[in-house]
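Let's take a walk through this model together, starting with a helix, moving on to a sheet and ending at a pocket.

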Amino acid sequence: MDNGSVGGLWSPLVRTEYLIILRHCLKTTKPLGESMVGSIVLFGPPGAGKGTQAGRIVELTSKPQVSTGDMLRAAVKSGSPMGLAAKEYMDAGLLVPDDVIIGLIQERLQEDDAGQGVLFDGFPRTIPQAESLEQIATVSSVISIEVPDDAIVDRIVGRRMDPETGEIFHVQFKPAPPEIEDRLIQRPDDTEETVRSRLEAYHNQTAPLADWYSDRGLLIRIDGNASINQVGVSVERAISRIL
Ligand code: ADP
């Protein structure tokens, strides 16, 4: 199943909302140059630990984290037509269409804190997304956190989030303190069935980007099949090569 088979979800209302955002972006896009240099892409399969490691990279680089997953979840929560349509894709483990994602990113990069580059988390996820990104920002490095499929299913199905702080825990690998255990939530797309679809989307649509970035000399591979701290050390090493 590809994006096209649920394309009918994009009602005229959603398209209109999207076109308004796009028109705004085309009017206000800043010229290319110094202002956009130095973005970092955090790349890897779902559940690779991108969100967990993003915190360290933000501390080390002071670049703001731009997570398309978080932006989409905020849109779902707001109940906007775009959010509601995106939810259908997300709950099915499919990628949200490129034009919507690119519109969101174009809008986000207009914000003042994006001037010195950002840390992209979960974006780009397709070659057309990477090609669009090339037009609006300079990517200086891509850190790829590599984890085999078998490890991913266990990681994602046990993943929990603290809705008050956004901190991510795992029932087995990173248990939450008992006093906050009751308020933890599980993402609706973190079920085993949906994880399998997300992995399929990853292998078909996203994984080819590793070669795409490698050909451009930007890819730094990291073994993500280790403890959070061990992966953190590798991430810090990669960042020290970049800075
Ligand atoms: P994960 O990396 O664990 O899959 P995310 O929070 O990054 O989780 O994304 C959740 C869902 O949001 C994805 O399964 C997909 O449906 C959608 N999504 C996020 N980023 C993108 C993107 N760049 N392109 C298309 N869909 C996206």
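## Two faces of a helix

Before we look at α3, one cut-off helps: a residue is called buried when its relative accessible area is under 20%, exposed when that value is over 50%, and partly exposed in between. Please keep in mind that this is a predicted model.

With that in hand, turn to α3, where T68, G69, L72 and A75 are buried. These four cover an arc of only 125° around the axis, so they sit on the same side of α3. This fits a general rule: an α-helix has 3.6 residues a turn, so residues three or four places apart point the same way. Which exposed residues does the face of α3 turned away from its buried side carry? They are K77 and S78.

## An open parallel sheet

Next comes the sheet, an open one built from five strands in the order β2-β3-β1-β4-β7, with parallel pairing. The edges belong to β2 (65-67) and β7 (219-223); each has a single partner strand, so one side of each is left without a neighbour in the sheet. On average, neighbouring strands here are turned by 20° against each other, direction ignored.

## Strand β1 and its partners

Now follow β1, residues 39-43, which runs parallel to β4 (residues 139-146) and is joined to that strand by five bridges. In this pairing, S39 stands opposite V139 of β4. With β3 (residues 119-121), β1 also pairs in the parallel sense, this time over three bridges. There, L42 is found opposite D121 of β3.

Is β1 enclosed or open to the outside? Five of its five residues are buried, so β1 is largely enclosed by the rest of the structure. S39, V41 and F43 point one way from the strand, I40 and L42 point the other way, and all are buried.

## The second largest pocket

Finally, have a look at the second largest pocket, whose volume is about 410 Å³. Its lining is made up of 15 residues, with R73, A74, K77, M161 and R187 lying nearest the centre. Two elements, α3 (68-78) and α4 (81-91), give two or more residues to this lining. The largest share comes from α3, which supplies five residues.

What is the character of the lining of the second largest pocket? It divides into seven nonpolar, one polar and seven charged residues. K77 links this part of the tour to the start: it is exposed on the face of α3 turned away from the buried side, and it is among the residues nearest the pocket's centre.

Definitions and conventions
Residues numbered from 1 in each chain as written. Predicted model: local features only at pLDDT ≥ 70, side-chain atom pairs only at ≥ 80, totals over all residues. Heavy atoms only, no water. 1 Å grid on protein atoms, 1.4 Å probe; cavity = no way out; pocket = protein on both sides within 12 Å on 5 of 7 lines; lining within 4 Å. Points joined across faces, edges and corners; volume = space filled by probe spheres on them. Nonpolar A, V, L, I, M, F, W, Y, C, P; charged D, E, K, R; others polar. Pairing = 2+ DSSP bridges. Axes fitted to C-alpha atoms, helices over the stretch in contact; angles between N-to-C directions. Buried < 20%, exposed > 50% of the residue type's maximum accessible area, 1.4 Å probe, protein only. Arc of directions from axis to C-beta.
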